[in-house]
Structures are given as C-alpha cells and as structure tokens.
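User: Give me a close look at a single part of this model. Take me through how the strands line up and what packs against them.

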Amino acid sequence: MAQEQKQPRKSTGAEETPEEVAETDVAERKEVLDDDVDAILDEIDDVLETNAEDFVRSFIQKGGQ
Amino acid sequence: MGTEVEYGVSVPGDRAANPMVASSHVVNAYALASLKARRARWDFEEESPLRDARGFDMSRAVADSTQLTDEDTGMANVILTNGARLYVDHAHPEFSTPEVTTPLDVVRWDKAGERVMLRASQLCAQSGTQVLLYKNNTDNKGASYGAHENYLMRRSTPFAEIVRHLTPFFVSRQVVCGAGRVGVGQDGRTHAFQVSQRADFFEVEVGLETTLKRPIINTRDEPHADPELYRRLHVIIGDANLAEVSTYLKVGTTALVLAMIEDGFIEPDLGVQAPVQELRQVSHDPTLRHLVTMRDGRRLTGVQLQMEYLDLARKYVEDRLGADADSQTVDVLERWESVLTRLERDPMECATELDWVAKLKLLNQYRDRDGLEWDDPKLHLIDLQYADLRPEKGLYERLVAAGRIVRLLDESSVDAAVHEPPADTRAYFRGRCLEKYASAVSAASWDSVIFDLPGRESLQRVPTIDPLRGTKGHVGDLIDRCDTAEELLDALSR
C-alpha cells in the first residue's frame, strides 16, 4: 500500500530540501540595515496608504469560515 | 495535504460594495483570461459537508445556510490547470491548493495562490473594477475568514485520539505560525498586539461548524477519498501566512504530529486544562511568557509545550526511520528546534522568518520612532497593509524586497506552480486534463473529472478517488500520447 502522504518517508536520495534564498546575504545586510532602521521605515512611509484612519475604518468584511 | 485560503476584499472608495459581487468579479476576471475553452463546472456529487467525524450527519434543516457548501449557488467557481480550485466562498475569493505530499510543496502552491489572486485582481482592475485583496483573517470589526489546512489520515485512527493529542498542539503552535494582529477581542476593542489573527474567534473545543462557534478541532468528515480507508482532517485554526517559513513549519510540524497520532506514538498526556482560554492567553502575550496550565498541574509556556511535541517527533523519526529519514522531514525538525530555541531566548531573533515577529518588529520600530500607542490608526494600517498582495504596496512584500524576510522558494518555481500541477498526486491528472482537453471537460472536483465528448450521449465520469493515483508516473505518458479526450478515455477504458 502506498505510504500516506504526510508520513515521514525513507530517503530516496532525490528529495528537495528548502534552501533559503541568499540567506547569508540577508544576515550580512541585516547588520548594516539594523544600524539604520530609518531606511526601511522611510521606504514604508512612502507606500503606506494615506489617511490611515479612513482606510482602516473602511476595511469591512463579511464573515467567512 | 493542502490549504484553502479565503482572502479579504476591499473596493476602494465604495464601502457599500457587495463583497460577493466583488469576489465574483475577481474570480471571473481570472477565469475569463486564463481558461482556454468552456469553463468546467465544479462537480458536487461527492460532497458531504455535514458529515461529522464523530459518526453522525447534521440535518440540513438545522444547518446554518453558510454550512451548505455543496449547493451550487451559481457563484464563480473554476478549476485551474495546476489542479487548484478558485472560487467564491461566502463573501470571499478562495484558493484551494491542489493536493500535495510535502510541506515545501504546500508552501509552493499556497504561494502560487497569492500570485493567482494578485493576477485576478489586476485583471479585474483592467476591466474597470478595482478590488484589493488581503491575505489575512479578520477586519478587526468582528468578522473572521479562514485559512484551512487539510491532511489525509488513516480512517482507523480513533477520532478521540486526534482530539486528545492535537488540541494542546493547536493551543501552542501559534507561537511559530501566528500571523500577528493589532487588536484584541473579536472586534479588536482592546488596543494591543497579539500573536494570532484567529485565536479570539475560537469558542469551543470540538465541533462541525466553521463560521460560528468555531471549534479548535473541526469534525467535518468529507474525505474526498475512499471513506473506508481515509478521513480528511480539516484544520480551521490556522492563520493565513505570507512568510514561507511560517507556512512550512505550520504544515510540516502538524503533519509530523498527525503521523505520531496515527501510529499511537504519543504516550504522555499533554492535555491542557482550559484549551479555549489558553489559546487566547498564549496569543495575547507576545513576550511568550504566559504559562499554560496542564491537566497534570504543570505550567508550561507555549514554546515549552511545542518543545514537548518536538522531543516526541525527534524520537519518532529516529525510532521509525533512523538515518533513512527523508531530508525534508529532517529539515522540518531542525528548523522547528532552531525557531523554538530562539523564540524562548528572544522572539525578535525570528524576525526574518516568522510573520508575527516580522510584523511586530516593524510595528515596534514605528512606535519607537513616532511615539505611537496601540490605538493609533497607523499601526492598524501597518497590520492590514502587511497582507496587501500588491508587490508595491504590501508590507510583507516590501520586507522581502528589502532582504528583511527570507524565502524558501525561487520565484520561478512559484511561477511554474501557477500553471502546473504537482506531479505526485491525482491533481496531476486533473490539471493536465484541464490544460490539454479543456473543451471536453464539463466538470471536475477533487475526486472526479467529467468529460462531455462529441457523439456520446452521456457524460463520462473518471473517478479519482485515490489521492495518490493519477500521478505523473501513472498517467504522464498516457496524456502526452493522447491528443484528444476521446483517445484518453478509450485508453483508460481499455
């Protein structure tokens, strides 16, 4: 019988393991960026919707599952 | 395994917009642009949303109308070439991934769902209706919508064992896979940050409902597979995640715990005294210091409770597979341990991996810089806009672009998953049929593909009741070889 899908499986030698994309880059850049929190905040300031209060108030959903 | 995610919808400048109409616009825009020929209907024949895993059916007369999910309401509902289902559920567009067999594939097709939704919203805008989509779970005004997970389980596993061992796991797993929320209480009336989007919306321990009196363990028993062999565990308690590590660990660790339950491996009683209350208390303390009272009198933090499960899972994999364990299972165990160790030391150490920590870090930076209190609309906006799917507007997307959040997948593999089905489940057969014989497929569902062939009076229903058949290995060559649906059906019936 086929093994059920969520069972840990024996290695077939060809599985895929996730590798974080450019993780070391991220770590290195993180140190630099942490010195300058304002850089990311400035960038996010530029994309935040204007009139936060209105925008948040008008986000009204009907319930779902 | 697979996920089904309902997205939040917003029509800018029109508060009175009908969300069902807006959701239909989104789904139809994608369907019109991407489907080559006639649109295959969803086939409801095998659906039974009122079947309860405890062994009885709910009467349709007493069911809330939102529970009758098998009635074809005429709302937009399409099957895609990647084997996924895109449709309108209640008042939200929903993407259900095709069936996959590994946690990383869940991440891949769940992420492909975000790309499908983004494309749908762009197409919708081109046709004159702007509808913004959010991958979150609440409007902070009392409404919540779901991000469900599904796991195929052996029918022989006693449901009481699932409830017993899974409940404490679900009370605590939010420390890893919460999406973070500004606002406490269903309508967000208390001004504070909490770990999970969904915790405040769960009111009972076990039950069939998904839209009211939501239970920690959902009993819907609708396997979409041979019911003698399988049940489908329908998990409704998770948050919709954007961070790939969050999704990966959410499904990877849950699958491991379920495997242990199936094999009767969990002996210790990790029962929690008051699960619904503790679920909320864990969520309401982002320092992760809250102590959960166990039935045996012990008091553990959410992280420590997760570590109990991690220790069991390590022993289980060692005991059953030893050095033969597949690399993804080993990777899930390692990342789980790494994340828990760092969460215990200082949650902020996980800010490049986990949604709730990334969001909280950003919120704290704003609070520090601008001196904002938790009732400030700007912090609520950051919470909401974190989940905006648009790459130029979504704050999750901006953090990824700035190297502040790590990914597990190459975007090219996500692009492929927008169109292509996984190779190792029946979704392969479904997706390839939709891609190659679109004009001949009149309907499809998880467990069937129905053909309408010229010259034949009746419809031809091909059942796909076994989730692990209809794979590329089984039917790849056959579909490659058959130029028409007629040829395919002739070959299948031979």
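Analyst: Let's start with a ground rule: two strands count as paired if DSSP finds at least two bridges between them. Strands (E, at least two residues) and helices (H or I, at least four) are DSSP runs numbered from the N terminus. This is a predicted model, where local features need pLDDT of at least 70 and side-chain atom pairs count only at pLDDT 80 or more, while totals for chains, interfaces and linings use all residues. Residues are numbered from 1 along each chain as its sequence is written, and chains are lettered from A and ligands numbered from 1 in the order in which they are written.

Now the sheet. In chain B, four strands make an open sheet in the order β3-β16-β17-β18, and the pairing is mixed. β3 (41-42) and β18 (460-463) of chain B are the edges, each pairing on one side only. Zoom in on β16(B) and β17(B): they run antiparallel, held together by four bridges. Across that pair, S445(B) faces S448(B) in β17(B).

Lying on this sheet is α13(B), which touches β16 and β17 of chain B and points at about 155 degrees to the direction of β16(B). That angle is between N-to-C directions, from 0 to 180 degrees, with axes fitted to C-alpha atoms, for helices over the stretch in contact; contact here means backbone-placed C-beta atoms within 7 Å.

How covered is the helix? α13 (residues 427-436) of chain B has eight of its ten residues buried, that is, with 20 or more other C-beta atoms within 10 Å of their own (12 or fewer is exposed, in between partly exposed). The buried ones are A427(B), Y428(B), F429(B), R430(B), G431(B), R432(B), C433(B) and L434(B), so R430(B) and R432(B) are on that list too. Their cover includes not just β16 (441-445) and β17 (448-451), but also β4 (77-79) and α14 (472-481) of chain B.

The first residue of β16(B), V441(B), has a further role to note. V441(B) is among the residues with the most contacts inside the largest nonpolar core, which has 134 residues; V27(B), L86(B), V257(B) and L354(B) are the others listed. Such a core is a set of buried Ala, Val, Leu, Ile, Met, Phe, Trp, Tyr and Cys residues joined through C-beta atoms within 7 Å. Helix α5 (residues 244-262) of chain B puts in the largest share, eleven residues.

How values were computed. Two residues are in contact if their C-beta atoms, placed from the backbone, lie within 7 Å.
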